[in-house]
Amino acid sequence: MTTLLANRITTLVRAPPMAATAAAAVAVAGGRRPLHRTFAHPEMEMEEEHQQRACRSRGSSSSSSCSSSSSTAASPARGSGTGIVVIVGATGTGKTKLSIDAAEAVGGEVVNADKIQLYAGLDITTNKVAPADRRGVPHHLLGAIRPDAGAFPPSTFRSVAGATTASIAARRRVPIVAGGSNSLIHALLADRFDSAADPFSSSWVRHDRPALRSPCCLLWVHVDDALLAEYLDRRVDDMVGGGMVEELRAYFATTTAAERAAHAAGLGRAIGVPELGAYFAGRTSFRAAIDDIKANTRDLAAAQVSKIRRMADAWGWPIQRLDASATVRARIQGAGPDVESACWERDVRGPGLAAIRSFLLELDSDSIITNGSAEMEPEPRVRCCDVVG
């Protein structure tokens with residue numbers, strides 16, 4: 001019965017609620033593109049508008065040609081096409097790994113919500129997941145914008161990511177939003193959005209609690225603070241060993257001061273760029289630059305956790321916390337890949353996928369057919385996740 005209802009809803013849906021207006025939709029809608037292709041904002045808008053028109057003109061029978069798909073993913077997602085999975089957490093906790101695990105398991109596609117990873121370039125420094133590690137899962141808004149395109153504010157992300165998740169869902173796949181920029185998560189999910197206000201600032205009005213504008217399953221990959229701090233220091237050392245210094249040395253050698261100034265809103269804010277830039281300019285030592293990178297990375301993680309706690313505690317957003325501490329501890333202690341994988345499966349992947357599957361079943365059963373169109377209930381609810389206290 002659920003499958004019949006899902007199929008009927010999928011046939012009837014024409015404009016999912018998460019979609020922005022045609023004029024505002026500038027989403028990277030998932031078409032097959034060379035990895036090096038990037039967009040400035042106006043060009044991105046025109047390209048995606050043309051692509052969406054082409055998809056509509058071909059009809060649903062050829063919708064697969066309008067987007068890449070994972071050869072390893074499970075069967076397409078069922079449901080009304082308006083629910084999304086959102087994975088948050090501090091840097092280094094495993095959000096990317098879980099997003100790919102989930103996409104493989106439920107037939108999903110990943111939408112990046114890291115404000116620095118939106119920009120093309122400096123892949124090691126910005127920790128973009130390498131194409132070889134994506135396991136065939138389509139990724140959207142990852143390195144999609146030219147470095148000189150300027151600011152990509154939360155208000156623009158709301159339109160772009162909203163249209164992207166709608167495009168994914170309209171193809172009966174599961175949108176999985178993952179990233180550490182909680183200002184972007186808020187912009188995408190909040191029912192009311194004021195581009196002039198910062199809901200994470202100390203002046204935030206406590207009684208103004210944003211609600212979710214769409215059904216979603218919120219998962220928080222968490223690691224104990226002290227353990228994460230130790231791991232992040234080691235990860236910086238690994239990045240140095242993996243070519244970050246050489247990548248940034250080449251960046252500073254091949255760009256002018258004016259070009260780097262044009263990158264200030266994006267790549268210029270990546271941790272590692274100003275610190276190693278000072279070293280290359282002779283203003284600090286290499287050891288001091290690396291120490292600064294480690295300290296700033298730890299500060300970033302603490303700020304990210306603080307914002308997630310506000311979402312859960314102050315706003316009341318239902319968030320299920322998945323504790324990856326044992327996985328990280330096994331990695332630090334060199335316990336081996338088998339032990340690490342067992343911890344990940346037990347504490348993160350297993351319960352995370354259970355929550356997502358429960359959510360997708362709820363989404364099917366809660367869908368309402370009215371007047372020949374599919375609509376979600378007026379008050380979106382998230383039943384699969386426990387509130388973090």
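Below are some exercises on this predicted model, each with a worked solution.

Residues are numbered from 1 along each chain as its sequence is written. Local features need pLDDT of at least 70 and side-chain atom pairs count only at pLDDT 80 or more, while totals for chains, interfaces and linings use all residues; side-chain values use heavy atoms, with hydrogens and water left out.

**Exercise 1. The sheet**

Find the order of the six strands in the open sheet, and work out which strands stand at the edges.

Solution. Start with the elements: the chain has twelve helices and eight strands. Here helices (H or I, at least four residues) and strands (E, at least two) are DSSP runs, numbered from the N terminus. Next, apply the pairing rule, in which two strands pair if DSSP finds at least two bridges between them. Six strands then line up as β3-β2-β4-β1-β5-β6, with parallel pairing. Finally, look at the ends: β3 (139–140) and β6 (319–323) each have a single partner strand, so one side of each is left without a neighbour in the sheet.

**Exercise 2. Strand β1 and its partners**

Describe how β1 is paired and whether its two faces are covered or open.

Solution. Take the β4 side. Strand β1 (residues 84–89) and strand β4 (residues 174–178) are parallel, paired over three bridges. Among the bridge partners, V85 has I176 and V86 has V177. Now turn to β5, which runs parallel to β1 and is joined to it by six bridges; here I87 stands opposite L219.

For the faces, recall a general point: in a regular strand the side chains alternate between the two faces of the sheet. In β1, I84, V86 and V88 lie on one side and V85, I87 and G89 on the other, and all are buried. Buried means under 20% relative accessible area, exposed over 50%, and partly exposed in between (1.4 Å probe, protein chains only). With six of its six residues buried, β1 is therefore largely enclosed by the rest of the structure.

**Exercise 3. A buried helix**

Determine how many residues of α5 are buried, and what covers them.

Solution. Count along helix α5 (residues 182–189): eight of the eight residues are buried, so the helix is largely enclosed by the rest of the structure. They are N182, S183, L184, I185, H186, A187, L188 and L189. The cover includes β1, α4, β4, β5 (216–222) and α10 (286–314).

One more step follows N182 outwards. K307, found in helix α10, touches N182 and F200, not counting residues up to four places away in sequence; contact means heavy atoms within 4.5 Å. K307 is partly exposed, with a relative accessible area of 30%. The C-alpha atoms of K307 and P199 are separated by 9.4 Å, although these residues are 108 apart along the chain.

**Exercise 4. Two packed helices**

Classify the packing of α7 against α9 and sort the contact residues by class.

Solution. Begin with the geometry: helix α7 (residues 244–254) and helix α9 (residues 273–280) pack at an angle of about 70°, their axes 10 Å apart. Axes are lines fitted to C-alpha atoms, for helices over the stretch in contact, and angles run from 0 to 180 degrees between N-to-C directions. That makes α7 roughly perpendicular to α9, a label for angles of 65 to 115 degrees.

Then list the contact: M244, V245, L248, R249, Y251 and F252 come from α7, and V273, L276, G277 and F280 from α9. By class, there are eight nonpolar, one polar and one charged residues. Ala, Val, Leu, Ile, Met, Phe, Trp, Tyr, Cys and Pro count as nonpolar, Asp, Glu, Lys and Arg as charged, and the others, Gly among them, as polar.

**Exercise 5. An aromatic cluster**

Classify the ring pairs that Y279 makes with F280 and with F286.

Solution. Set the rule: rings of Phe, Tyr and Trp (its six-membered ring) pair if their centres lie within 6.5 Å; planes under 30 degrees apart count as stacked, over 60 as edge-to-face and the rest as tilted. The count comes to six aromatic pairs. For Y279 and F280, the centres are 5.5 Å apart and the planes at 50°, so the pair is tilted. For Y279 and F286, the values are 5.4 Å and 65°, so the pair is edge-to-face.

Last, place these rings: ring pairs link Y251, F252, Y279, F280 and F286 into a cluster. Y279 is partly exposed at 26% relative accessible area, F280 is partly exposed at 25%, and F286 is partly exposed at 30%.

Terms used. Angles under 35 degrees count as roughly parallel, over 145 as roughly antiparallel, 65 to 115 as roughly perpendicular and the rest as oblique.
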